Amino acid sequence: MKGKQAAPKSQANGKIVRQRVGDAVALLLPEKQTAPLVFSSPHSGPNYKQEFVDASRLNAFDLRRSEDSYVNELFEFVPYHGAPLLHALFPRAYIDPNREPYELDPDMFHDSLPAYVKTRSDRVRAGFGTIARVVANGAEIYRDKMHFSDAEARVQTYYAPYHAALRRLVDETHERFGFAILFDCHSMPSIGGPNDRDAGRQRADIVLGDRFGTTCTATVTDQAEAILTDLGFCVARNDPYAGAHTTSHYGRPADGVHALQIEINRSLYMEEAQYTRSREHAAFTERMGQFAQSMAGIDWQALSRSAAP
């Protein structure tokens with residue numbers, strides 16, 4: 001398997017346009033979008049502000065337990081195949097863009113929360129609301145309670161710009177091609193954790209989540225699975241992850257917008273315990289480039305005409 005420096009030939013054409021939206025979002029755009037695809041990485045943000053670390057019971061290393069480390073890097077070849085890539089710069093532990101904007105645990109706040117806040121959901125109960133109470137191993141994040149104004153500031157400064165940028169990419173893609181396919185990219189521990197329904201079980205290489213067929217036409221999921229399988233991966237569907245807010249919010253097959261979540265087994269590209277890139281990182285990145293190249297090469301117009309949503 002070749003390293004990152006020896007990418008497939010198509011990756012040598014064109015250039016990447018890099019943009020930022022404040023401290024919230026980075027975009028890697030093709031010089032010209034030629035594929036009806038959009039890739040997003042909401043949980044790979046590495047910028048842990050010191051004030052956040054100071055307010056936490058955890059050190060900077062332990063705060064990373066909820067991070068999808070380096071996922072944005074795994075898809076860095078996407079723009080060379082004519083599709084945009086968007087990724088968060090802020091960490092998931094600070095605010096999670098893969099939640100509704102106001103899924104909050106009232107026990108985390110000094111003051112009462114507005115009536116529009118969603119205080120009851122499985123994710124809030126588990127400690128993984130828009131502003132999480134715990135990291136992935138269940139360790140409490142905060143020393144003290146916060147004020148709702150702090151949560152509102154995070155929503156307006158980070159969450160809202162992230163989704164505004166993603167919505168723009170999806171809408172522009174839909175307008176240009178008549179439909180759009182969003183891949184929401186994540187990573188997962190190689191073995192189910194103690195609080196997961198697959199606790200102690202070895203996980204597949206890649207899990208595709210389409211909310212059990214509701215967020216994209218079956219053709220998209222079938223094609224993605226076939227390509228990943230041809231690349232040598234063991235692929236599962238909707239187990240243990242079927243997709244969360246991004247997939248369900250953007251996925252509207254009847255309106256020509258398809259959303260598919262991709263969960264990648266971390267053992268394939270990183271040293272899980274150390275949160276460092278492994279020797280396989282470069283080769284895995286190339287394979288994700290090959291995946292993007294294959295998906296971009298499909299005649300999606302024909303598939304969208306023949307597939308029922």
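Helix H6 is followed by Gly 232, a residue whose phi is positive, near 100 degrees. In this predicted model, the helix itself has 13 residues and reaches 18 Å from its first C-alpha to its last, close to the 18 Å expected at 1.5 Å a residue. Its buried residues are Thr 219, Val 220, Thr 221, Ala 224, Ile 227 and Leu 228. An α-helix has 3.6 residues a turn, so residues three or four places apart point the same way. Within the buried set of H6, Val 220, Ala 224, Ile 227 and Leu 228 are included, and Leu 228 also belongs to a core of 40 residues that is described below.

Helix H8, which covers residues 281–296, can be examined in the same manner: at 1.5 Å a residue its 16 residues should span 22 Å, and its end C-alpha atoms are 22 Å apart, which agrees. Twelve of the 16 residues of H8 are buried, so this helix is largely enclosed by the rest of the structure. The buried residues of H8 include the nonpolar Ala 283, Phe 284, Met 288, Phe 291, Ala 292, Met 295 and Ala 296, but His 281, Glu 286 and Arg 287 are among them too.

**Backbone particulars**

Besides Gly 232, two residues other than glycine have a positive phi, and they lie in loops with contrasting exposure; the table sets them side by side.

| Residue | Phi | Loop | Relative accessible area |
|---|---|---|---|
| Tyr 70 | about 70 degrees | between H2 (60–63) and H3 (71–74) | 12%, buried |
| Phe 212 | near 60 degrees | between E6 and H6 (218–230) | 61%, exposed |A further backbone feature is the cis peptide bond that joins Asp 239 and Pro 240, with omega at about 10 degrees. Pro 240 is placed in the loop between strand E7 (235–237) and helix H7 (245–250).

Arg 99 is another loop residue, placed between E4 and helix H4 (122–126). Its relative accessibility is 6%, which is under the 20% cut-off, so Arg 99 counts as buried. Leaving aside residues up to four places away in sequence, Arg 99 touches Arg 92, Arg 123, Phe 128, Gly 129, Thr 130, Tyr 159, Ala 244 and His 245. Of these partners, Arg 123 falls within the range of H4, and His 245 within that of H7.

**Strand E8 and its neighbours**

Nine of the nine residues of E8 are buried, and the strand is mostly covered. In a regular strand the side chains alternate between the two faces of the sheet. Both faces of E8 are covered, with Val 257, Ala 259, Gln 261, Glu 263 and Asn 265 buried on one side and His 258, Leu 260, Ile 262 and Ile 264 buried on the other.

E8 pairs with E5 in the parallel sense over nine bridges, and the bridge partner of Met 188 in E8 is Asn 265. With strand E6 (residues 206–209), by contrast, E8 runs antiparallel, and four bridges join the two. In that pairing, Val 207 has Glu 263 of E8 as its bridge partner.

**Nonpolar cores**

In soluble globular proteins, nonpolar side chains tend to be buried together. The largest nonpolar core here has 43 residues, of which Leu 104 and Ile 141 touch the most other members. Two or more residues are given to this core by strand E2 (25–30), helix H1 (50–55), strand E4 (85–88), helix H5 (148–177), strand E5 (180–188) and strand E8 (257–265). The most comes from H5, which gives ten residues. Apart from this core lies another of 40 residues, among them Leu 74, Leu 228, Leu 260 and Met 270.

The surroundings of Ile 141 can be listed in full: not counting residues up to four places away in sequence, Ile 141 touches Phe 52, Ala 55, Ser 56, Arg 57, Leu 58, Leu 63, Ala 93, Ala 132, Arg 133, Val 134 and Val 135.

**The protein as a whole**

The secondary structure of the protein comes to nine helices and ten strands. Its radius of gyration is 19 Å, close to the 19 Å that the globule rule gives for 309 residues, so the protein is as compact as a globular protein of that length. Along the principal axes, the C-alpha trace spans about 55 × 40 × 35 Å.

Of the 309 residues, 56% count as buried, and the protein exposes about 13,600 Å², of which carbon and sulfur atoms supply 48%. Among contacts between residues at least 6 apart in sequence, 77% join residues at least 24 apart.

Notes. Residues numbered from 1 in each chain as written. Predicted model: local features only at pLDDT ≥ 70, side-chain atom pairs only at ≥ 80, totals over all residues. Heavy atoms only, no water. Core = buried A, V, L, I, M, F, W, Y, C linked by side-chain atoms within 4.5 Å. Buried < 20%, exposed > 50% of the residue type's maximum accessible area, 1.4 Å probe, protein only. Contact = heavy atoms within 4.5 Å. Pairing = 2+ DSSP bridges. Rg over C-alpha atoms; globule rule 2.2 N^0.38 Å. Areas by Shrake-Rupley, 256 points an atom, 1.4 Å probe, with all protein chains shown as cover. Expected span 1.5 Å × (residues − 1).
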